[in-house]
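I am opening a notebook page for this structure, and I want to write down what I look up, entry by entry.

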Amino acid sequence: MKLNRSLQYDILRILADEYPETISHAFLGKKFMDSGIDPMIFAANLIYLMEHELIRKEEFSPPLYICTAKGLDLLTADGGITAICSPQTWDFSAEVFHNLI
């Protein structure tokens, strides 16, 4: 499997540290290629983070990456604004409710 949680975290952390600035594909790629990461594994993890809308690729030449609000919230200990604004629904059966009382 090409997915690597540690690599994903490192990519997110680098982009979050530069937020709201963008980072070029060349700079980001070089940083990881210099540390021995396989280019296909790096690409797979970038795509995965984009599919989950944690990072966004700006279509410029060269391509630029930025951490999204979802990515920033994922990195915060409290879940960020997403946790505050997302409604939580709890569904209790009569038996569970009775056991709580």
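Before the first entry I note that contact here means heavy atoms within 4.5 Å, and that the model I am reading is a predicted one.

**Entry on L28**

I looked up what L28 touches, and, leaving aside its neighbours within four places in sequence, I found it in contact with I11, I14, L15, I23, F42, L46 and Y65.

**Entry on the nonpolar core**

I then turned to the largest nonpolar core, which has 17 residues, and noted that I11, L12, L15, L28, F32, L46 and I55 are the members that touch the most other members. The elements giving two or more residues to this core are α1 (5-18), α2 (25-33), α3 (39-51) and β3 (64-67). Which element gives the largest share of this core? I found that it is α1, with six residues.

**Entry on α1 and α2**

Next I asked how the two helices α1 and α2 are placed, and I read that they pack with their axes 12 Å apart, at an angle of about 135 degrees. An angle of over 145 would count as roughly antiparallel and one of 65 to 115 as roughly perpendicular, so I describe α1 and α2 as oblique to each other. I also wrote down that the crossing of α1 and α2 is right-handed. For the residues that meet, I listed L7, D10, I11, I14 and L15 on the α1 side, and L28, K31 and F32 on the α2 side.

**Entry on N45**

Is N45, a residue of helix α3, buried or exposed? I found a relative accessibility of 0% for N45, and since buried means under 20%, N45 counts as buried. I wanted to know what its side chain meets there, and I found that a polar atom of the N45 side chain lies 2.8 Å from the backbone oxygen of K2, while the N45 side chain also reaches the backbone nitrogen of N4 at 2.9 Å. Not counting residues up to four places away in sequence, N45 touches K2, L3, N4, L7, Q8 and I11.

**Entry on I47**

My last look-up was I47, which also lies in helix α3. Its relative accessible area is 43%, and because the partly exposed class sits between under 20% and over 50%, I47 is partly exposed. I also noted that I47 and K57 are 10 residues apart along the chain, and that their C-alpha atoms are separated by 9.5 Å.

Technical notes. Residues numbered from 1 in each chain as written. Predicted model: local features only at pLDDT ≥ 70, side-chain atom pairs only at ≥ 80, totals over all residues. Heavy atoms only, no water. Core = buried A, V, L, I, M, F, W, Y, C linked by side-chain atoms within 4.5 Å. Buried < 20%, exposed > 50% of the residue type's maximum accessible area, 1.4 Å probe, protein only. Helix = DSSP H or I, 4+ residues; strand = E, 2+ residues; numbered from the N terminus. Polar contact = N/O pair within 3.5 Å; in protein donor to acceptor, adjacent residues only side chain to side chain. Axes fitted to C-alpha atoms, helices over the stretch in contact; angles between N-to-C directions. Parallel < 35°, antiparallel > 145°, perpendicular 65-115°, else oblique. Left-handed = near helix turned anticlockwise from the far one by under 90°.
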